[in-house]
Amino acid sequence: MRVELLQLYINEVILGTACGVIFGPYYANIFDPRAWEADVNAVTLEVTRLTLAVGLFAIGVELPQAYLAKHAKGLLVMIVPTMAFGWLIVAAIIYAIFPVFNFLSSLVIAACLTPTDPVISAAIISGKFAAQHVPLDLRWILSAESAANDGLAYPFLSISIYLTVERSRQVAIGKWFLVSWLYQVILGTAIGVLLGIAFSRLLQFSYRKGYISRESYVVQYLALTLLTVGITRTLGNDDLLAAFAAGSAISWDGDFKQHTEKEVFCSAIDFIMNCGCFIYIGAWMPFDMFNAAEFGITPWRLFALFVAVLTLRRIPPLIMLYKWVPEIASWKDALFSGHFGPMGVGAVYVSTLAVLELPRPNGPPQNQAELLATTLQPIVSFIVLCSILIRMPQSP
């Protein structure tokens with residue numbers, strides 16, 4: 001009798017996380033980011049920022065020619081109402097499950113869980129199972145959505161933070177509109193687009209004149225990412241959205257993609273950075289805080305939150321709205337798109353950014369903001385860990 005075994009494809013996400021957990025402080029104790037003299041939150045922020053920026057730039061480059069303009073309607077429907085619905089519904093769930101938090105604190109935690117992680121998404125979408133069973137149009141729009149909503153997660157976080165730390169609601173809303181939307185999101189996107197277009201024209205001109213070779217295009221893949229992040233980070237703009245905008249703009253006419261798509265260097269850099277980042281996240285995981293009853297965190301509450309997030313964060317809005325998304329052909333595709341919402345590097349990045357903007361507690365938390373700063377990362381990291389585990393196997 002012939003027996004066929006199911007082959008499982010383990011991607012770099014689960015492999016890197018597992019290595020980090022094994023080598024981390026709770027097992028081998030070889031690699032412990034929290035034991036470093038440097039501020040662990042500052043290190044975590046920069047590790048995740050750079051990994052996300054390279055991943056978002058890569059998604060922008062890999063999208064088909066002028067993809068964002070041709071598929072703007074579907075993307076807007078998938079991003080704006082879906083993110084808003086998920087943010088509010090997850091906040092309501094957190095408020096119901098964790099009595100220690102008020103609704104504003106729940107909104108901050110929910111904002112960290114709103115974006116779809118582009119790194120995990122790329123690992124899944126490019127897998128053999130997706131190539132054989134998921135339509136190409138659906139794969140492209142899921143990839144673009146994961147990149148765009150990762151950069152747009154900051155306005156959801158900032159309004160929650162402003163309402164938490166500012167005494168006046170009017171001041172909070174004013175800062176949210178002027179700082180978060182106009183300065184950080186819109187100006188950051190514009191800078192990314194301008195840098196992408198400028199580099200595209202410069203590279204084409206230099207290549208025609210024989211000043212550079214094809215290999216020079218590959219070098220610019222990483223150079224433009226770092227330049228974009230450096231400029232926008234210095235100015236205080238949304239650097240992740242700027243990186244995605246730069247990647248999309250430099251490959252808008254397809255010329256940059258044509259010169260780099262067969263080069264393995266770009267994929268290798270992306271792969272190495274993803275592995276390193278998830279090893280770091282695995283070692284960074286605060287397992288000791290997953291059962292901290294004094295802060296209102298217990299395993300059953302965390303698990304209940306994960307189940308609720310998995311079922312209610314994306315599936316209901318996409319089931320209701322898929323008819324307005326041309327790339328989603330049926331309710332089955334909508335169900336898959338709703339389930340497809342991994343949380344990973346993006347959630348860790350946003351939660352770390354939030355902790356750095358909240359008041360740091362000295363001893364036991366004295367108010368809601370300090371309690372949130374203490375408990376935010378443990379809750380988000382548990383959801384991230386479960387999100388990685390549940391998407392571990394990829395069937396051929």
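Two residues are in contact here when heavy atoms of theirs lie within 4.5 Å. Keep that in mind as you explore this predicted model.

**Stop 1: L372**

Select L372, which sits in helix α19. Is L372 buried or exposed? Its relative accessibility is 0%, so L372 counts as buried. Now show what surrounds this residue. Setting aside neighbours within four places in sequence, L372 is in contact with S105, V108, I109 and L358. Next, draw a distance from the C-alpha atom of L372 to that of I388: these two residues are 16 places apart along the chain, and the line should read 24 Å.

**Stop 2: helices α18 and α19**

Stay with α19 (residues 368–390) and add α18 (residues 345–357). The axes of the two helices come within 9 Å and cross at roughly 180°. An angle over 145 degrees counts as roughly antiparallel, so α18 is roughly antiparallel to α19. To see where they meet, colour A347, V348, S351, T352, A354 and V355 on α18, then A373, L376, Q377, V380 and V384 on α19.

**Stop 3: helix α4**

Move to residues 72–97, the 26 residues of helix α4. How far apart are the end C-alpha atoms of α4? They are 37 Å apart, which agrees with the 38 Å expected at 1.5 Å a residue. Then look along the helix for T82: a kink of about 25° in α4 is centred there.

**Stop 4: aromatic rings**

Now turn on the side chains of the aromatic residues. A pair of aromatic rings is described by the distance of the centres and the angle of the planes. In this model the count comes to 12 aromatic pairs. Begin with W176 and W181, an edge-to-face pair with 6.1 Å from centre to centre and 80° between the planes. W176 is partly exposed, with a relative accessible area of 26%, and W181 also counts as partly exposed, at 29%.

For a stacked pair, select F336 and F340: their centres are 5.9 Å apart and their planes 25° apart. Which side of the burial cut-off does each of these rings' residues fall on? Buried means under 20% relative accessible area, so F340, at 3%, is buried, whereas F336, at 28%, is partly exposed.

**Last stop: a ring cluster**

Finally, select Y26, F287, F290 and F382 together. Ring pairs link these four residues into a cluster.

Key
Residues numbered from 1 in each chain as written. Predicted model: local features only at pLDDT ≥ 70, side-chain atom pairs only at ≥ 80, totals over all residues. Heavy atoms only, no water. Helix = DSSP H or I, 4+ residues; strand = E, 2+ residues; numbered from the N terminus. Expected span 1.5 Å × (residues − 1). Bend = angle between axes of the 7 residues up to and from the residue. Phe/Tyr/Trp six-rings, centres within 6.5 Å; stacked < 30°, edge-to-face > 60°. Buried < 20%, exposed > 50% of the residue type's maximum accessible area, 1.4 Å probe, protein only. Axes fitted to C-alpha atoms, helices over the stretch in contact; angles between N-to-C directions. Parallel < 35°, antiparallel > 145°, perpendicular 65-115°, else oblique.
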